[in-house]
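Biologist: Could you take me through this model? I should like to begin with one of its turns.
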Amino acid sequence: LRHAIRYGMERKRLDAALSIERDLVDNLLDNIPDRIYFKDLNSRYLRINRALASIIGVEDSFDAIGKSDQDFFSAEHAAATRDAEKSVIESRTPLIGHIEQETLNNGQECWVLTTKMPLITSTGEIVGTFGISRDITQMKLAEEKLEKAIAGNRQLADNLKQLAALTANEVAAALPELSDKKPDRRRAGAARLELAAERLDKIARLDQETELRQPV
C-alpha cells in the first residue's frame, strides 16, 4: 500500500510537471511570430507552429504533419532546404543565421533568417531536425533601397566632378577671349561664361537632382 501510494504521488507529480512543460511549449509555438518546425530524417514535418501554418496556408498546424516543403514551397527552395537539412543531420553541425529567399507555390516570396539544428534524443540518436525562421523581408528591402541610394549618390558625385571640370575649362578658355579686341572672340568668351554659369547653377540646385543624375 505504501509503495502504491508513493508511486501514485510520484506519478501525479510527474504528470503535473509534464503538463506545465507541455503548456510552456504550446504557448511558445502558438504565440511567437517566428516560424518554428520539427522534421524527421526525411524532412517531413513532425510539428509546426501557428506562424508557419499561416504562411503555408493550412488551417491547423497538425494538417502539415507528414508533409514536406515540396507540398508548400517551390521545387527549387524545397530542394535547397532538403540539402541543408541533410548536411545538418550528417555533420551534426547546426546551420545558424542563414539568409535565404523563400518562394511559396502561389508565387509569394519573402526573405528569412534561418537556424536549423539536429533533433537529438536523450540517448544521442539523431531523429531529424528542428529550426526557426524569422521574416526579414522588410529589412532586406530596406538594404536594397539603401544600396540603390548609395549607388545613385555615387553617380551624382561623379557627375558633379565632371560638371566642375567642364566649368573650369570653359572659364579658362573664356578669359583670353574676353580680352580679345575682336568682337566675335569676345562674344564667344561671353557665351562660354554663360554656359559655365548654367553649369554652376545646376551644381547649386542640389534639390533638383534629376538633371544632375543624367550622364554629363
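Modeller: The model is predicted. In the hairpin of E3 and E4, five residues lie between the strands, and Gly107 adopts a positive phi near 95 degrees.

Biologist: How many bridges join E3 and E4, and in which sense do they pair?
Modeller: Strand E3, residues 95–103, and strand E4, residues 109–120, are joined by seven bridges in the antiparallel sense. Leu95 has Lys116 of E4 as its bridge partner.

Biologist: And which residue of E5 is the bridge partner of Lys116?
Modeller: In E5, Lys116 is partnered by Gly131. E4 and E5 are antiparallel as well, with nine bridges between them. Another position in this pairing is Leu119, which stands opposite Gly128 in E5.

Biologist: What does the turn between E4 and E5 look like?
Modeller: E4 and E5 form a hairpin with five residues between them. Gly124 lies in that turn and has a positive phi of about 90 degrees.

Biologist: What is the strand order in the whole sheet?
Modeller: The order is E2-E1-E5-E4-E3, an open sheet of five strands with antiparallel pairing. E2 (45–48) and E3 each have a single partner strand, so they stand at the edges and one side of each lacks a neighbour in the sheet. On average, neighbouring strands are turned by 25 degrees against each other, ignoring direction.

Biologist: Which helix packs on that sheet?
Modeller: Helix H3, residues 75–91, packs on the sheet and touches E1, E3, E4 and E5. The direction of H3 makes about 165 degrees with that of E3.

Biologist: Back to the strands. How many bridges does E1 share with E5?
Modeller: There are six bridges, in the antiparallel sense, between strand E1 (residues 35–40) and strand E5 (residues 126–135). Within this pairing, Ile36 stands opposite Ile132.

Biologist: How many aromatic pairs are there?
Modeller: The structure holds two. One of them is formed by Phe38 and Phe130, with ring centres 5.8 Å apart.

Biologist: Why is that pair stacked?
Modeller: The ring planes of Phe38 and Phe130 are at 25 degrees, which is under 30 degrees, so the pair counts as stacked. Phe38 belongs to strand E1 and Phe130 to strand E5, 92 residues apart, and the pair thus links distant parts of the chain.

Biologist: Changing topic: how do the axes of H4 and H5 cross?
Modeller: Helix H4 (residues 137–178) and helix H5 (residues 183–204) have axes that come within 8 Å and cross at roughly 155 degrees. An angle over 145 degrees counts as roughly antiparallel, so H4 is roughly antiparallel to H5. The crossing is left-handed.

Biologist: Which residues make the contact?
Modeller: On H4 they include Leu160, Leu163, Glu170 and Leu178. On H5, Arg185, Leu193, Ala196 and Ile203 are among them.

Biologist: How do the contact residues divide into nonpolar, polar and charged?
Modeller: The contact of H4 with H5 comprises 15 nonpolar, two polar and six charged residues.

Conventions. Residues are numbered from 1 along each chain as its sequence is written. This is a predicted model: local features need pLDDT of at least 70, side-chain atom pairs count only at pLDDT 80 or more; totals for chains, interfaces and linings use all residues. Side-chain values use heavy atoms; hydrogens and water are left out. Two strands pair if DSSP finds at least two bridges between them. Helices (H or I, at least four residues) and strands (E, at least two) are DSSP runs, numbered from the N terminus. Axes are lines fitted to C-alpha atoms, for helices over the stretch in contact, and angles run from 0 to 180 degrees between N-to-C directions. Angles under 35 degrees count as roughly parallel, over 145 as roughly antiparallel, 65 to 115 as roughly perpendicular and the rest as oblique. A crossing is left-handed if the near helix is turned anticlockwise from the far one by less than a right angle, and right-handed if clockwise. Contact means heavy atoms within 4.5 Å. Ala, Val, Leu, Ile, Met, Phe, Trp, Tyr, Cys and Pro count as nonpolar, Asp, Glu, Lys and Arg as charged, and the others, Gly among them, as polar. Rings of Phe, Tyr and Trp (its six-membered ring) pair if their centres lie within 6.5 Å; planes under 30 degrees apart count as stacked, over 60 as edge-to-face and the rest as tilted.
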